[in-house]
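Reader: I would like a close look at a single part of this model, with its surroundings described in some detail.

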Amino acid sequence: MLEKIQNALNSLCELHAANAQELEELRIKYLSKKGMLSQMMQDFRNVPAEQKREMGMRINELKNALQQRFDELRAAIAVKETSHDELDLTRTPYPAPIGTRHPLTIVRNRIIDIFSRQGFTLADGPEVEDDWHVYGSMNFADDHPARDMQDTFYVQGAPSMLLRSHTSSVQSRVMEKQQPPIRVICPGRVYRNEAISARAHCFFHQVEGLYIDEHVSFTDLKQVMLTFSRELFGPDTEIRLRPSYFPFTEPSAEMDVSCQICHGEGCSLCKGTGWLEILGCGMVHPRVLELNGIDSERYKGFAFGMGIERIANLLYRVKDLRLFSENDVRFLQEFQAAN
């Protein structure tokens, strides 16, 4: 057996491999479970006790020498394959299919970029929240329907904990820790106990914004919303503010943008009205400021919130909300050009 090991050591320099396939064949022959080295380890069991020490040392020497030789051959093949002389300039640099960002990520990034250029910074918070930050700090009454199990997912065993139903909870956490001026946007996933259909889902994505400072007016809100709409939908876009109600803003409004398909003349997308609703907004309720430790006599502010799926529907004409979460590769590939 010693002679066999010595012969193997002497023949190491004769091992050659022109490519990765030949190298793998050599590996199988010498280092695999059924290879030469494995066979020697099995024969080692039959070696007399007085020879085991020397034989073991020789086998380890062969093993290390084989591994070193294989590393040298592998490095030589790697250099050869990357040699400019053999570089195939007609080969595509991307052998694998190119991926794409998710359409909701594309829209989210566009929204963030527009508001960032208006001085808004990003804020984030937990998706599993307590009742105070989601509802109490936002001036929701104790018997408000939104608190009902029909609308909110509560954590079993912890009645005061829930999956946030809007990202206003992030605004509350910002106001707790920071005194005005405050100018933030809060993108994130929210959850509501709704039946899943083409028009609704139990989870979706929002972007909410908050601006608090001295002398803030409804005119400031309207100008920010007009700038955002024209940046997102086009320079000819008009907006319309309709009176509405939200517990955390007063006065409150629903905002529509002029339909980009019919340009106000009426079509199936806007249902003949010429307008498309995209978000809710309003002046921050003074009680919300007080609940979150901000002097409502000195500071005013406005807030707004929109669904990212809603904006994506308008931009890309996606009729079924479920497509955004089903991860159908064919659907996602349609947005490669939008990256």
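How many of the residues of strand 6 are buried, and what lies around that strand?

Author: In this predicted model, strand 6 is mostly covered, with 9 of its 11 residues buried. Strand 6 spans residues 203–213 and belongs to an open sheet of 7 strands, whose order is 1-5-6-10-9-8-7 and whose pairing is mixed. The edges of that sheet are strand 1 (121–122) and strand 7 (239–246), and because each of these has a single partner strand, one side of each is left without a neighbour in the sheet.

In the order of the sheet, strand 6 stands between strand 5 and strand 10. Strands of a sheet pair through backbone hydrogen bonds, in either a parallel or an antiparallel arrangement. With strand 5, strand 6 pairs in the antiparallel sense over 10 bridges, and with strand 10 the direction is again antiparallel, the two being joined by 8 bridges. Residue V207 shows both contacts of the strand within the sheet: V207 is the bridge partner of P187, and V207 also stands opposite M306 in strand 10.

Next comes the helix that lies over this region. Helix 7 (residues 168–177) lies across strand 5 (182–191), strand 6 and strand 10 (300–307), and the direction of helix 7 makes about 35° with strand 6. Helix 8 (residues 218–233) also packs on the sheet, where it touches strand 7, strand 8, strand 9 and strand 10, and its direction makes about 150° with that of strand 9. Further along the sheet, strand 8 (residues 249–258) and strand 9 (residues 275–284) run antiparallel and are joined by 8 bridges, one pair of partners being E254 and G280 in strand 9.

One more feature concerns the empty space in the interior. Rolling a probe the size of a water molecule over the atoms shows where empty space is left. A search of the whole structure finds 1 cavity of 30 Å³ or more, and about 40 Å³ of space lies in the largest cavity. Its lining consists of M138, Q171, M175, L210, F248, T249, V284, V288 and A303, which by class gives 7 nonpolar, 2 polar and no charged residues. The lining thus includes L210, a residue within the range of strand 6 (203–213), as well as Q171 and M175, which fall within helix 7 (residues 168–177), and A303, which falls within strand 10 (300–307).

Methods: Residues are numbered from 1 along each chain as its sequence is written. This is a predicted model: local features need pLDDT of at least 70, side-chain atom pairs count only at pLDDT 80 or more; totals for chains, interfaces and linings use all residues. Side-chain values use heavy atoms; hydrogens and water are left out. Two strands pair if DSSP finds at least two bridges between them. Helices (H or I, at least four residues) and strands (E, at least two) are DSSP runs, numbered from the N terminus. Contact means heavy atoms within 4.5 Å. Axes are lines fitted to C-alpha atoms, for helices over the stretch in contact, and angles run from 0 to 180 degrees between N-to-C directions. On a 1 Å grid over the protein atoms alone, a cavity is a set of points where a 1.4 Å probe fits but cannot get out, and a pocket is an open set with protein on both sides within 12 Å along at least five of seven lines; lining residues have an atom within 4 Å of a point. Grid points are joined across faces, edges and corners, and a volume is the space filled by probe spheres set on the points. Ala, Val, Leu, Ile, Met, Phe, Trp, Tyr, Cys and Pro count as nonpolar, Asp, Glu, Lys and Arg as charged, and the others, Gly among them, as polar. Buried means under 20% relative accessible area, exposed over 50%, partly exposed in between (1.4 Å probe, protein chains only).
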